[in-house]
Amino acid sequence: MPTKKTAAHSTFNWHDRLQYFTIRNDALIQTIREFVEIESPSDNKLAADRMGALLAARFEALGGRARTHRAEDYADNIQIDFPGRDHRKPVLLLGHFDTVYPLGTLAKMPCHIANGRLHGPGVLDMKSGVALMMSAIEALKTWHAGLPRPVTVFLVSDEEVGSSSSRQTTEALARESAAVLVLEPAAGTRGAVKTARKGVGDYTLTVKGVAAHAGLDPGKGHSAILELARQIAVISRFNHLKQGISVNPGVIRGGTRTNVIAAEATVEIDVRIKSAKQAKGLDRKMRALKPFDKPCKLVIEGGINRLPMERTAGVAALYKTAQAIAKEINWELEEAAVGGGSDGNFTAGIGIPTLDGMGGVGEGAHAIHENIVIAELPRRALLLAGMIESR
Ligand SMILES: [Zn+2]
């Protein structure tokens, strides 16, 4: 907790600290800008590896020791360890440097400042979050003549595509840590931190029907499209919004020509759940789907990828600490439960206290108007520094 005792250890009080970050805000914006202007789509290893290498170098310049976790399909994941002045377990700062934007996006969506906001691809999700980690670490080193406790930074390259290459390391590092702070964007423009996230899954249902000439042999065919349509109607009834379960058949494909009874049709389904308990039941329902038209075959693939981040006692305690730090500068820090998943779902899922949404405040993640509010940055940095100190 940010008691008077904690504050007395440092040369600054909280208002002085806010001032410290405010004075340095232009430099932080420059850093964020530099990161945004290096395009790093998840699916382009060559491009994203450039971003990872730059980040490794920048964090090493702050006194960390960088380690590269090789990945084949995506850019390498980057771990940076910072020693601390005591031997508490480290705090894990979790982030990702991949974005959803393909190479060349900057030409259509240049990084620029307008109305107090910095715009650009990935500026909110989450290059500003990575830059905030650097600000907080640098500040703590200045205030304490060295980091007050060990910090591990883990920057992953594939968060936007499910984290298959990084998940194991994320979980292993979390297990060795006192707490996990995730630098994903804050929820909403009031800057709430995220204390609960829904679990996320993907399913693909493929119907294999029997093709036939639609004019000559209509009785011989068994339409995969017709069967799929009926299955989608069944699947849509798995929705239970009150309980926090949502099921969205978002993409369909099927058939070849209008005069052919379709041999195959597919639907891709996004599912969200609120509690881990719901995963099994929903999965069972998906796998129990039976064809209406018996000669049709159903193939169901996929599953729940991220279990929900639930608001456990550990999560609530982290939020309480964050709230108390915010209060020191007269800031009422809110919390939010959100539908989207992040790597915080993994670390919370294995029982490590996790606070998410510690990054930038803005709007339009993954969209053409993606931006952050420049004036929010100093207090985000202050909150992060305070949290690292206090756990
Ligand atoms: Zn993100």
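N330 sits in the loop that runs between α10 (313–327) and β15 (335–338). Its phi is near 60°, a positive value in a residue other than glycine. Most residues other than glycine have a negative phi, and most peptide bonds are trans. With a relative accessibility of 67%, over the 50% cut-off, N330 counts as exposed. Please keep in mind that this is a predicted model.

A145 tells a similar kind of story. This residue lies in the loop between α6 and β6 (151–156), and its phi is near 50°, again positive in a residue other than glycine. Is A145 buried or exposed? Its relative accessibility is 64%, so A145 counts as exposed.

Here are the accessibility values for three residues, side by side:

| Residue | Relative accessibility | Class |
|---|---|---|
| N330 | 67% | exposed |
| A145 | 64% | exposed |
| S135 | 14% | buried |

S135, the last row of the table, takes us into helix α6. At 14% relative accessibility it falls under the 20% cut-off and therefore counts as buried. Which residues does S135 touch, leaving aside those up to four places away in sequence? They are F21, L28 and A381.

Helix α6 also holds M126. The peptide bond that joins D125 and M126 is cis, with omega at about -10°. If you plan to set up calculations on this model, that bond is one to look at in the viewer, together with the metal site described next.

D125 is also one of the protein donors of the zinc ion. The donor atoms are H96 (NE2), D125 (OD), E184 (OE) and E184 (OE), at 1.8 to 2.6 Å from the ion. Along the chain, these donors follow the spacing H-x28-D-x58-E. D125 and E184 bring together distant parts of the chain: D125 belongs to helix α6 (residues 123–144), while E184 is in the loop between β7 (179–182) and β8 (193–197), and the two are 59 residues apart. Both D125 and E184 are buried.

What is the geometry of the zinc site? The angles among its 4 donor atoms range from 54 to 142°, and the site is irregular. A tetrahedral label would require all angles to lie between 85 and 135 degrees, so this range does not qualify.

Now for the chain as a whole. The secondary structure comes to 12 helices and 18 strands. A compact globule of 391 residues would have a radius of gyration near 21 Å, and the 24 Å of the protein chain agrees with that. Along the principal axes, the C-alpha atoms fill a box of roughly 85 × 45 × 40 Å.

Buried residues make up 53% of the 391 residues. The accessible surface of the protein chain is about 17300 Å², and carbon and sulfur atoms account for 53% of that surface. Among contacts with a separation of 6 or more, 80% are between residues 24 or more positions apart.

Finally, a word on confidence. The mean pLDDT of the protein chain is 95, and 97% of the residues reach 70 or more. Over residues 1–9, however, the pLDDT is below 50, and this stretch has 12 contacts in the model beyond near neighbours in sequence. Where pLDDT is low, the predicted coordinates should not be read in detail.

Methods. Residues are numbered from 1 along each chain as its sequence is written. This is a predicted model: local features need pLDDT of at least 70, side-chain atom pairs count only at pLDDT 80 or more; totals for chains, interfaces and linings use all residues. Side-chain values use heavy atoms; hydrogens and water are left out. Donors are N, O and S atoms within 2.8 Å of the metal (3.2 Å for Na, K and Ca); water is not among the atoms, so sites may look incomplete. Four donors count as tetrahedral if all angles lie between 85 and 135 degrees; four count as square planar and six as octahedral if opposite donors are over 155 degrees apart and all others between 65 and 115; anything else is irregular. Helices (H or I, at least four residues) and strands (E, at least two) are DSSP runs, numbered from the N terminus. Buried means under 20% relative accessible area, exposed over 50%, partly exposed in between (1.4 Å probe, protein chains only). The radius of gyration is taken over C-alpha atoms; the globule rule is 2.2 Å times the number of residues to the power 0.38. Contact means heavy atoms within 4.5 Å. Accessible areas come from the Shrake-Rupley method with a 1.4 Å probe; for residues, only the protein chains shown count as cover. pLDDT is the predictor's confidence in each residue, from 0 to 100.
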